[in-house]
Amino acid sequence: MAGAPELRLSDVQTALTLEDFRAQLDEQLSGRDKALLDEWCFLEQDYRNVAALLEDAGAELPFAGCLNRSELEGLIACARDEDYKAQGRVQKQLVDFVRQYDAHHQDEGFFAHDVALYRFLSHAARHCPNRMMRRWFTLNLNVNNVLTALLAKRHGWDAARYVMGEGEVQDTIRAHAAEPDLGLSFELEYMHQLSRIVQEDDPVEKERMIDALRWTWLEDTTFFTTFGIENVFSYLVRLGIKARWAGLDVEQGRKRFEEIIDNLRGEARVPQEFVR
């Protein structure tokens with residue numbers, strides 16, 4: 001990691017691609033650390049890819065998880081065999097998701113990609129053995145729930161109906177759904193940033209703001225763990241963020257990311273509930 005190129009969200013290009021970095025990890029990580037990333041980082045992309053194939057069998061899969069397209073298609077076919085019993089914890093999660101999709105995809109309000117992301121984040125936030133990674137998954141779970149609830153309020157809907165899962169933040173939202181801050185201003189130090197994000201009407205700009213918040217959290221949280229697996233995880237996730245933005249309105253995007261990061265640095269600290 002000491003020799004890896006520095007990453008800045010506003011950079012147009014990076015000297016290292018996500019695919020190249022993953023290849024290096026395969027060569028250099030211990031079996032234990034590689035298994036940790038396979039299950040708790042790349043599994044998220046497997047969920048996304050399964051959701052995409054369930055919605056459209058011919059969907060493009062721009063990013064790879066642990067399983068290739070053929071393996072994902074085989075898993076979906078196996079899951080639809082009532083007598084099939086999944087092997088291992090990871091496969092069981094994906095098989096359960098396929099069966100949930102088949103049972104509920106025609107239900108009003110069922111969105112495959114949202115359900116897939118929630119299933120992964122809620123499981124990872126509880127069970128990932130690495131503390132920093134659990135905090136990362138919890139951050140993302142909270143951000144998704146809070147933004148969804150705030151968006152519901154903005155449209156005059158009952159915010160409590162759109163919260164997914166159980167936990168302190170979810171319970172607070174449900175109990176204080178009528179309040180402008182959902183009762184979370186003192187619980188989440190980044191609540192004011194989420195309130196600003198939800199007011200943004202441009203969906204691309206909104207995604208930039210969310211990714212900038214996530215990026216700065218990763219940088220700040222791993223500042224003192226240069227040689228730990230936590231820094232490898234942070235670098236990998238940030239490479240994935242950059243890969244999603246590659247080639248999209250490059251120059252304007254670079255300037256906006258610089259502005260957003262500067263604002264975040266000036267206004268916010270690392271959420272204390274995640275650094276204790």
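Which residues are linked with Lys34 in a network of salt bridges? The network joins Asp26, Lys34 and Asp38. This is a predicted model, and the contacts below are computed from it.

**Overall fold**

The chain has 11 helices and 0 strands. From the N terminus on, the order of elements is α-α-α-α-α-α-α-α-α-α-α. The chain holds 276 residues, and 45% of them count as buried. Take the contacts between residues at least 6 apart in sequence: 62% of these join residues at least 24 apart. The exposed area of the chain is about 14,700 Å². Carbon and sulfur atoms supply 49% of that area.

**Salt bridges**

The count of salt bridges comes to 13. The table gives three of them, with the N to O distance for each.

| Pair | N to O distance |
|---|---|
| Lys34 and Asp26 | 3.7 Å |
| Asp38 and Lys34 | 3.0 Å |
| Glu166 and Arg174 | 3.7 Å |

Lys34 bridges to Asp26 and also to Asp38. Asp38 and Lys34 both lie in helix α2, residues 31-55. They are 4 residues apart there, so about one helical turn separates them.

How accessible are the members of this network? Lys34 is partly exposed, because its relative accessibility is 27%. Asp26 has 49% and also counts as partly exposed. That value sits under the 50% cut-off for exposed. Asp38, at 22%, is partly exposed too. Its value is over the 20% limit for buried.

The bridge between Glu166 and Arg174 has ends that fall into two classes. Glu166 is exposed, with 66% relative accessibility. Arg174 is partly exposed, at 30%.

**Nonpolar core**

The largest nonpolar core has 77 residues. Which of them touch the most other members? They are Leu37, Phe137, Val146, Leu182, Leu194 and Phe233. Take Leu194 as an example. Leaving aside residues up to four places away in sequence, Leu194 touches Val143, Val146, Leu147, Leu150 and Leu213.

**Helix α5**

Helix α5 covers residues 112-127, which makes 16 residues. At 1.5 Å a residue, the helix should span 22 Å. Its end C-alpha atoms are 22 Å apart, so the model agrees with the expected span.

Which residues of α5 are buried? They are Ala112, Val115, Ala116, Leu117, Phe120, Leu121, Ser122, His123, Ala124 and Ala125. The cover over these buried residues includes α2, α4 (89-104) and α6 (131-154).

**Aromatic pairs**

The structure holds 8 aromatic pairs. One is formed by Trp136 and Trp217, and it is tilted. The ring centres are 5.8 Å apart, with 40° between the planes. The angle falls between the 30 and 60 degree limits, so the pair counts as tilted.

This pair links distant parts of the chain. Trp136 belongs to helix α6, and Trp217 to helix α9 (residues 203-221). The two residues are 81 residues apart. Are these tryptophans buried or exposed? Trp136 is buried, with a relative accessible area of 3%. Trp217 is buried as well, at 3% relative accessibility.

Ring pairs also build a cluster from Tyr47, Phe97, Phe120, Phe137 and Phe233. Some of its members appear above. Phe120 is among the buried residues of α5. Phe137 and Phe233 are among the core residues that touch the most other members.

Technical notes
Residues numbered from 1 in each chain as written. Predicted model: local features only at pLDDT ≥ 70, side-chain atom pairs only at ≥ 80, totals over all residues. Heavy atoms only, no water. Salt bridge = Lys/Arg side-chain N within 4 Å of Asp/Glu carboxyl O. Buried < 20%, exposed > 50% of the residue type's maximum accessible area, 1.4 Å probe, protein only. Core = buried A, V, L, I, M, F, W, Y, C linked by side-chain atoms within 4.5 Å. Contact = heavy atoms within 4.5 Å. Expected span 1.5 Å × (residues − 1). Areas by Shrake-Rupley, 256 points an atom, 1.4 Å probe, with all protein chains shown as cover. Phe/Tyr/Trp six-rings, centres within 6.5 Å; stacked < 30°, edge-to-face > 60°.
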